[in-house]
Amino acid sequence: MNTRRGTARGVCAALASVGLCVAMTLAPKAVQAEGFLRAQGQQIVDERNRPVILRGVGLGGWMLQEGYMLGLSGPGMQHTIRQRIVDLIGEQDTQAFYNAWLDNYVSKDDIDTLAAWGFNSIRLPMHYALYTLPVSKEPVPGQQTWLEDGFRRTDELIAWAKANGVYVILDLHAAPGGQGNDLNISDRDPSAPSLWDDAANRDKMVALWRKLAQRYRDEPAVAGYDIINEPNWGFASAKDKNGCEETGNAPLRELLVRTTAAIREVDTRHIVIIEGNCWGNNYRGVLDAGLWDDNLVLSFHKYWNGTGRDSIKDQLALRARWNIPLWLGETGENSNDWFARTVETMEGEGIGWANWPVKKLRYNNPLQVIANPGYERVLAYWEGKGPRPSREQAREALLTLANHDIRLHNNARHPDVVDAWLRAPRDDRSLPFKRNAIAPGGGEVAAVDFDLGRNGVAYFDLTAANESGKPSGDWNPSQLYRNDGVDLIRDADGLRVAAMQNGEWLKYTIEVEAAGHYALTVRGTTGRVRMKVNGDALAPTELNRSQPVALPRGRNTLVVEAISGTPDLASLQLQPVAGDAR
């Protein structure tokens, strides 16, 4: 559509990186899906029976905060974060903070931008308390009080998505009482009855889904209902805290069947998406008695493991056995190379996916919230690393965070992350991270501005991703600037590539404005490197020593490979040989 291309051009004009604009231009455009989506055999299809690959982002951190997204370590349930804020600035200002947070964390500008980049779906993690009162606060036990705020905000999101031809998946991320022992992800209070401990909580969940289905039953922009995020509960044994050893899962199946039935009372068209125990991945017992609906999709989540087909063999076996579509409803928190390899595998199997999350205060997302210095001082106090701020200092910092820092136009944009999700999985080329121009009088390229692309294409690093089975940042310990598996450090002179190991290399695309002979110098600490210029190898050399190179006008490629001495790289300098470059 011309409108979409115009939007993309506008976004490109607002970005500092040409790499992201190139990635947007080259990312393959899926056929625009039409109408309601549904499960057909092992595929999700649109109303014209065309297969649809959902390429999505999860809006984590908006309706439900998790501590790590705000820079907190340790337990970080939203209700405890709220208590910390009340302690600093009082109840009234805390409410103002949360109103501003919900108003500003996601806006139409965010959805316009995500769509322009090439994402075609949005997963909305919902906190039930925005839609209905907790069981303990219901004026009449057993009845449901509905709150307009959550429904209104959902309506707005769907309208923004529709304006961009983007689907929305409704995801109950925080169920009444909380659905597991991973407390942060569902804002669970362990001192109160869980979803599984109290039938009233389950009744409320079922009633909420019936209400949502009744409201959105005629809305084709809603792709489906993800009815409970990442249950993690040991039904047979309390020692099995997260339900990973569970073999029966009878209470989970019962709730999924019951919720589906309530949805079908008012809505027979939308996909119902189910998740297993153990953070969505343990389906033992859940399907043993057969599928209970003919429009189900099986979701799974994937973190910190391998990226090949073997890494999803259990899910593929379930798909084959039950003839049901798969959807990777949540994945991320890793390196760009891991993202690209994961997407390549998923889409090769016809499986859609949703990146988690779109933004947070930390790295490795398409967008990053850059917090004001005052909030950093608040965070230091909460972490036991600094003094308590005054009420006014804390109020200004927190309201600045919610009114300014989290807004799209104040977020840092990470073109390398977007490229890893949307272009690199299907393209074995590298692209410029920035326009590295070399003028007739010479120029310099920052070492950290190597090309966009996968490990082995744009760079080669021996530790390019985390496949350890647990959270780890070993592949990117500094968490600076970009999300590739290349170590970066910051010192008084700025950012550098750090401690390259023998055999590791970086590729740079440069634009030379005048053909001629140049002196090429790799600046950095001691060590030896080997350069390739347009594919031709130069003799090995020490850092900070120049080598003569002949460069044609236009695009050229330079590759720097470490061969000894674990060099740190600051930049690549090109200076014309006197009287030669034209």
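**Entry 1: the β11-β12-β13 sheet**

I started with the open sheet of three strands, which run in the order β11-β12-β13 with mixed pairing. β11 (359–360) and β13 (412–413) are the edge strands, each with a single partner, so one side of each has no neighbour in the sheet. I should jot down that I am reading a predicted model here.

Next I looked at how β12 meets β13. Strand β12, residues 367–368, is antiparallel to β13, and two bridges join them. For a handy landmark on screen, I picked Gln368, which faces Ala412 in β13.

**Entry 2: β9, buried or exposed?**

I checked whether strand β9 (residues 326–332) is buried or exposed. Seven of its seven residues are buried, meaning under 20% relative accessible area, so β9 is largely enclosed by the rest of the structure.

**Entry 3: from β8 to β9**

Then I turned to the partners of β9. Strand β8 (residues 296–302) pairs with β9 in the parallel sense, with five bridges between them. I followed one of the pairs: Lys302 has Thr331 in β9 as its bridge partner. Tracing the chain from β8, I passed through helix α10 (residues 313–322) before reaching β9, and this β-α-β crossover is right-handed.

**Entry 4: from β9 to β10**

Strand β10, residues 352–356, is also a parallel partner of β9, and I noted four bridges for this pairing. Here Gly332 sits opposite Trp356 in β10, a good pair to click on. Helix α11 (residues 336–348) joins β9 and β10 in a β-α-β unit, which is right-handed.

**Reminder to self**

Strands in a sheet pair through backbone hydrogen bonds, in either the parallel or the antiparallel sense.

Conventions:
Residues numbered from 1 in each chain as written. Predicted model: local features only at pLDDT ≥ 70, side-chain atom pairs only at ≥ 80, totals over all residues. Heavy atoms only, no water. Pairing = 2+ DSSP bridges. Buried < 20%, exposed > 50% of the residue type's maximum accessible area, 1.4 Å probe, protein only. Right-handed = clockwise from strand over helix to strand, strands pointing away.
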